[in-house]
Structures are given as C-alpha cells and as structure tokens.
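Hi,

Here is the structure I said I'd pass along. Have a look, and my notes follow right underneath.

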Amino acid sequence: MLQALGGPVPPNTDHAVSVSLPTWRANVGYEEGEEWVVGKMQCGYPRFFIHPSVQKLALELVRRVGDSESETATLFPTLKTARICHSFIVSKVSPEEAKAVRIVTFVPSHQTEKGSNTITSSLVAVIHKKEFASIAKQVWQHSGNGISSRRGEFCYRALQDGFLVEEKKSEATEVLSQRPCKGPRRYQSKESASGVSRGSSASTPTPIESTAGTNGVDDGRDYAQFIEERFGRNLSIALAEQAKLAVRRRIAGVLTADVELPEALEAASTEGRVSGISEQDVYLYPAGMSAIFNSHQTLLAARGPLKSICFGFPYTDTLKILQKWGPGCQFYGHGSSEDLDDLEARLKNGERFLGLFTEAPGNPLLKTPDLVRIRQLADKYDFAVVVDETISNFLNINVLRYADIVVSSLTKIFSGDSNVMGGSAVLNPQGSYHQLLKDTLNREYEDLYWAEDAVFLERNSRDFISRIDKINANAEGITAMLKESPLVKEVYYPKYSPTRPNYDKLRTPNGGYGGLFSVTFHSTEQSIAFYDTLEVFKGPSLGTNFTLCSPYVVLAHYLELDWVKTYNVDPDLVRISVGLEELPDLRRRFQRALEAVEKVKDA
C-alpha cells in the first residue's frame, strides 16, 4: 500500500486533509523543503499546506487589488479574523513596512441581495509583501481561522461571475471604525460568516432550486442558477444550519442515534454529557485549533490579560498560541504531580492565571493529566480549565465535569472520512465561568464554519459511535501485540500509561482507550524500517476511518528535536491512528513491519 508521494489521503479526494508521505525520508525531505517532495505535494493538512483552490483564489485577488510581482494574500472569512493576522504581521515588521500591509474586503454583490435563501460568503484578504508570507502563515496555522478549500472554490467562482465584489472604500472605512462584525451593515441581518442566509426559518429550510435571484451578470444567469450550477440539486446548502444543529446536538451528547437529518432535528433531547447541557453550549469552528485559539481569545476578553498555563506536553500549536498571543504562558511539559506541586506553590504565593490548557490524553505520549486535582486548584484559585479531548473523544471519556471549556477537533474521529475540517468548544453549564463565558461569546462569537463543510461533517458523523467502538477494539488488539514484542522499546497508550488511573477516572461506563498510540524502537534505523514497511496510509492527521501512520515528532517538531527530548519525547517515535480494518488483517500488516525491524536488528 505504498501510495504515491504527495497524493491526497484518502486517494481521489479533492478536499483531503492528509497527504501521502510514504517513507521516513519523504517526511524529512518535506521538513527540509526539498523540491523532490514539496514539488509533488497535491495537498496537505490544511493549516500547514494551503489548498490549491485557496492558492488560486489568493493569486486572483492580488491580480485585481495588489501587485502580483511583489505581493500575496492570506485569506479569512471575516474582518475580525483578518485583523488578527494584520496585527500580527504589523507587530513583526518595521513601521515603514507595516504601511503596505492592508485589508481588502469582498462582499456579495447587489445581484445576490434578493436571493435571501441562498448561500453567500464574504471574503477578507490581508495583502502583504511576499517576504512576509512566513509571518502570515503562522496566523493561518496557529489560529485555524483561514478559509476552507470548499469556501475557496465557492469564492473563486463567485468572484469570476461577478457575485463577489470588492467593497467600496467608503463602506470599508465605515466597517473598520466599528467593533468587529460579520460584514457590511446591509448584509448583517441576512447572512452569517458561515455563508448561510438567515432569510429563512431554521425549521423551514428552502430548497436551493426554489430560491429566487436577480439578473445582472453578462450571460444573464441569476444567482440561484449560479448556486445550482456550483452545488447541484443533490446538496441542499439551505440545510446547512440544520446540519450544524444536528452536529451540535451530537457533541452535546443529546443525539446518539445514527439517523437522517430530519429525524435528528425532531428527536427529543435527552440528558447529555453533564446535567443541563444542550446544543446552546456548543460552538462550532472551522478547525480544532480554531476552537482552541478562539477559546483563549474568549477568556482574554472575559477576564483580561492574564498569563495562561499549558499543562502536559501538548500538540505543538496549542503551546504556540499561548506563547504568541496574550501575556504569555507557564509551560509544564511533563504534566506530572511535581508540576502540579509547583503550580500550587505559585498560586499560594499570589500568582494568578487566565486558564489552564491541557489535553486528555496528550499527544503523542498519551499521558492523562490529573484533572481532579486541577479542578480543585482552579476552584480554589480562580482560573479556567480548558481540556482538549480530541484523542479519546467524549464517548470514551467525560472531561466536561472537570472543565470550563472542552475543545475538540471534529476533523478527526467525529468525521472520520478525512475530507472536511471542523472544531468545537463546549461550555460546562455547571461551571463557575459559564455565565461569564456565555455573555462574552454573545458579544464575540462569529460563526466561521462554511456551510458546505457543515453538511459534509454532519453526514460523516452520523455513525461515529459505532466506528469508535470498533476502533477502540482494534487499537487494544494491536497495542497488546506490540507490547509482547521484544523489538519494541515502548508503547504509549492510555491503557498502558503510568497515568492510567487518571484516565480511568474519566472513562465513561462503556468507554475504551481510543484509537491513537505511539511506539518507539531501539534505534533510528529500526523506526525507519517499521515505518517504511508498514502497509497503511502514511501522512499527518489522526482519527481517520483507515489506519494512518506518521513519524509524528519529525513532522511536528523537526526544528526543536533537542528540546522535545527534555520532555522524554523520542524523536524517532512513530504515531499510529488505528482505523476500521479487520483486526486479523491489521495484525498481519504490523507483523510484517516487525519482521523488517528484526532484519535491521540482526544486520
């Protein structure tokens, strides 16, 4: 199963969120920027690799409003998200260079105004010198707020057909003088940043084919015709708000049946993750990292500029967010009881913090923090707790009772198909910060989630409960097999972790240990042999319906390998996300990879 270098994972998927890096050498070549790798990249993880449809749109925008020779554009769905990028670039360049960094807003043309039941999208471009691209890319990667590939396709065609136009400078000046909003005033009552019109009732969707538009483009097409040609009759974008509602109910834990969308919307709510929770406590974002970034922004807006805590060795961008935005971060990379002792001593001495950000379990060592003690400290010393539950998900563990906000990447197991991005933040209705956070989000929250992405996510997630059960069983079977092999140095999995007691306190009655584990060997050469031989898809991401493998530390921390060693993270670690294949077949594949390790050992 050696897929071609640079191809989408899964294959033949236009909006795939992973890319094939089939050998260890290819991963290193990618990190080194070697042309034999990057020149073949058809796609990549969307926060790290800008999708071709978005690149194409950016080129066209710069051709229209900038200097194609010297400038490029970074694209966002709203003015507020673009301002974050603009401010970040300006803070990193000279005052003279900053003058050329500007925001250009594109809005639906007057031809779309009467099509109040159809999809529209605003688009905001941060135009900057090409040499500032690496600075802007940090915002794209860390915030997760950039436009999705599907939105990019839509906006490109709308731009070409005259349905998306540059906002007049007088209007842009008016918007910039206001608090962040969802576009020009004349559109605010009709559409959200997600691109779904608010002209129709959420309970009475209007099919695309029945919506009316206004003539005006050169070829005589109206906007409704444009929409139908873009999406066809089989994908009713008018149902996007209903799709989002169903997704939010699933995340709240009040919708667990695998049912079609109409039945999902009619189903009576039952008790969710904790008492009192409903879909009103669930907020959707375009990526899991966007949920983390915006949760941090929400806490800053609610509580003021206080330092944060990052507890445990985290996914790389979480730490970067806390370090680059706000007053800074106290990092406890081991996530140990000794770290909690140190934190408690600081708190007793009067230090105060905005919130503690942690993962349960962590990535890639699968260690679980002591959330019981963390919650006790938070209650006593008044800081918020934000827990990322992506790796195990809420069917396996219940962390909401110990958190104020639970964030998750819906791109992963919730979707499973690896063809759409998404993220969520859930408020604990019993938490002491609940009302403060609700009030803040009522002012600050923007629905950035693109309508078409929401439809795909809803469809993908209908059977996630049954998928998780099988993935749990497969992962336990493979990790048990690897634990028995003398060729394996260490298996990192919640079931075998020294922090298993912390995990077991969080487990739901039928919960398992998740589908993600990491493995190390006794030499770099053995890790390479295992990775190169293992007959599964190779690439970034996790939680896919198919088994996916990556040399995670090489990809996530290539420029800081010595630093990660100080937190007992092996640079040669191989991370595996187990899928839905039949367990005997998976065992055979892993056995062949171990045989390759054996040959290296004997050489």
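To read the pocket notes, you need one term: a pocket here is an open set of grid points with protein on both sides within 12 Å along at least five of seven lines, and a lining residue has an atom within 4 Å of a point. Also keep in mind that this is a predicted model.

Pocket first, since that's probably your thing. The largest pocket has a volume of about 1,100 Å³. Its lining runs to 48 residues, and those nearest the centre are Phe48, Gln141, Tyr315, Thr316 and Leu555. By class, that lining splits into 23 nonpolar, 15 polar and 10 charged residues. Which elements give two or more residues to it? They are α1 (24–32), α6 (133–143), α13, α14 (316–324), β12 and α22 (552–557). The largest share comes from α6, with five residues.

Two of those contributors, α13 and β12, turn up again in the sheet story. There's an open sheet of seven strands with mixed pairing, in the order β7-β13-β12-β11-β10-β8-β9. Its edges are β7 (282–285) and β9 (329–332), each of which pairs on one side only. From one strand to the next, the twist averages 20°. Within that sheet, β12 (residues 405–409) runs antiparallel to β13 (residues 423–427), and five bridges join the two. If you want a spot to zoom in on, Ser409 sits opposite Gly423 in β13.

Now for α13 (residues 288–303), which packs on this sheet. The helix touches β7, β8 (308–311), β10 (355–359), β11 (384–388), β12 and β13, and its direction makes about 155° with that of β12.

The same helix, α13, also has a helix partner: its axis and that of α17 (residues 434–444) come within 9 Å and cross at roughly 105°. That crossing makes α13 roughly perpendicular to α17. On the α13 side the contact uses Thr298, Leu299, Ala301, Ala302 and Arg303, while α17 brings Leu436, Leu437, Thr440, Leu441, Arg443 and Glu444. Sorted by class, the contact residues are six nonpolar, two polar and three charged.

Last bit: another open sheet, this one of five strands, has mixed pairing and the order β14-β15-β18-β17-β16. Here β14 (488–492) and β16 (537–538) are the edge strands, each pairing on one side only. How do β16 and β17 (residues 548–550) pair, and over how many bridges? They pair in the parallel sense, over two bridges, and Lys538 stands opposite Cys549 in β17.

Cheers

Definitions and conventions
Residues are numbered from 1 along each chain as its sequence is written. This is a predicted model: local features need pLDDT of at least 70, side-chain atom pairs count only at pLDDT 80 or more; totals for chains, interfaces and linings use all residues. Side-chain values use heavy atoms; hydrogens and water are left out. Two strands pair if DSSP finds at least two bridges between them. Helices (H or I, at least four residues) and strands (E, at least two) are DSSP runs, numbered from the N terminus. Axes are lines fitted to C-alpha atoms, for helices over the stretch in contact, and angles run from 0 to 180 degrees between N-to-C directions. Contact means heavy atoms within 4.5 Å. On a 1 Å grid over the protein atoms alone, a cavity is a set of points where a 1.4 Å probe fits but cannot get out, and a pocket is an open set with protein on both sides within 12 Å along at least five of seven lines; lining residues have an atom within 4 Å of a point. Grid points are joined across faces, edges and corners, and a volume is the space filled by probe spheres set on the points. Ala, Val, Leu, Ile, Met, Phe, Trp, Tyr, Cys and Pro count as nonpolar, Asp, Glu, Lys and Arg as charged, and the others, Gly among them, as polar. Angles under 35 degrees count as roughly parallel, over 145 as roughly antiparallel, 65 to 115 as roughly perpendicular and the rest as oblique.
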